[in-house]
Amino acid sequence: MLFRLFAIAVVMGFSSLGAAQSLTLSTAVEESLHNSPEVLKAQSFEKEMSWKKTEAYSHFLPTLTGNARYLTDKKYMLINVDFAGNPVVFPTIIPTADYTLTAEWSVFDGFASTNLLRSSSRLEDAAEKQRAWTEFSMRSQVTLLFYKALAAESLKNVAYQNLSTLKDHQKDVQALKKAGISTKYDILRTETQVSEAESEILSADDNVELAKYKLGEALGKDKEERTVAGQLPGLN
């Protein structure tokens, strides 16, 4: 009983590991939207235009400017006053600290602020549409590359099944040759078919690696190691 539970746990562990290493279409699209340089650039440009619009509102608000100054080296001016023939010297009073606050508000600027706000709003709208179009293009591109990789995996499986079938057929032909039913021509024909099937497997393996490489490039990676999982779309 304990061995059976251990075997079930091992099988479940390998199943979860295989599921973690598989790549679905939704995961691929989500990763592309988070890692693609083109999408990130479009999103950053949209945020920049949004802040540009917020900055344009500042031209309609008053401007406050503050200044503070403190005199550390005091050099007083002296004033001489004559009191009944007795000269008296008085130092001039100069403040040691000076604070100023200036407010400015433009009443009319020839509609420059209004036109700036309009242009900023249109730039923000254009940036938003550009970001949406970039994300749509990335979704379409990743979806196409994902299905190409999935189709390459399916063709690879078909190639391996074809080779296995031809090898079984080759064994049958060799057995029939020993029984005197088949000829050497039949054996050569099966050997040629097996050799072509092996070449198709090599080509299928290359196509899978190339499709996964292009998919990983769209996802912002050097190479995609996970196995694509899903079903190819079909017509209704």
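At what angle do helix α3 and α4 pack, and how far apart are their axes? In the predicted model described here, helix α3, which comprises residues 37–56, packs against α4 at an angle of about 165 degrees, and the two axes lie 8 Å apart. Because angles over 145 degrees count as roughly antiparallel, α3 is roughly antiparallel to α4. The crossing that α3 and α4 make is left-handed.

A second packing involving α4 was found with helix α5, formed by residues 184–218, where the axes come within 8 Å and cross at roughly 160 degrees. By the criterion of an angle over 145 degrees, α4 and α5 are therefore roughly antiparallel to each other, and the crossing of α4 and α5 is again described as left-handed. Helix α4 thus takes part in both packings, with α3 and with α5.

As to the overall arrangement, the chain contains five helices and six strands, and from the N terminus on its elements follow the order α-β-α-α-β-β-β-β-α-α-β. Of the 236 residues in the chain, 22% count as buried.

Salt bridges were examined next, and the count for the model comes to twelve. Among them, the side chains of D125 and K129 meet with a nitrogen-to-oxygen distance of 3.4 Å. D125 and K129 are four residues apart in helix α4, so that about one helical turn separates the two. With a relative accessible area of 36%, D125 is partly exposed, whereas K129, at 55% relative accessibility, counts as exposed.

Helix α4 also holds a salt bridge between the side chains of R131 and E135, for which the N to O distance is 3.4 Å. R131 and E135 are likewise four residues apart in α4, which places about one helical turn between them. E135 counts as buried, since its relative accessibility is 11% and the cut-off for burial is under 20%.

Another of the salt bridges joins the side chains of E224 and K221, at 3.6 Å from N to O. The two partners fall into separate accessibility classes: E224 is buried, with a relative accessible area of 2%, while K221 is partly exposed, with a relative accessible area of 31%. E224 and K221 also belong to a network of salt bridges in which E31, K221, E224 and R226 are linked.

On the surface, a nonpolar patch is formed by V107, F108 and F111, which together present about 410 Å² of accessible area. F111 is located in the loop between β5, spanning residues 97–104, and α4, spanning residues 112–178. Since residues with over 50% relative accessible area count as exposed, F111, with a relative accessible area of 51%, falls into the exposed class.

Taken together, these results describe α4 through its packing with α3 and with α5, and through the salt bridges that D125 forms with K129 and that R131 forms with E135. The loop between β5 and α4 contributes F111 to the nonpolar surface patch that this residue forms with V107 and F108.

Conventions
Residues numbered from 1 in each chain as written. Predicted model: local features only at pLDDT ≥ 70, side-chain atom pairs only at ≥ 80, totals over all residues. Heavy atoms only, no water. Patch = residues over 30% accessible without salt bridge, like charges linked within 9 Å, V, L, I, M, F, W, Y side chains within 5 Å. Areas by Shrake-Rupley, 256 points an atom, 1.4 Å probe, with all protein chains shown as cover. Salt bridge = Lys/Arg side-chain N within 4 Å of Asp/Glu carboxyl O. Buried < 20%, exposed > 50% of the residue type's maximum accessible area, 1.4 Å probe, protein only. Axes fitted to C-alpha atoms, helices over the stretch in contact; angles between N-to-C directions. Parallel < 35°, antiparallel > 145°, perpendicular 65-115°, else oblique. Left-handed = near helix turned anticlockwise from the far one by under 90°.
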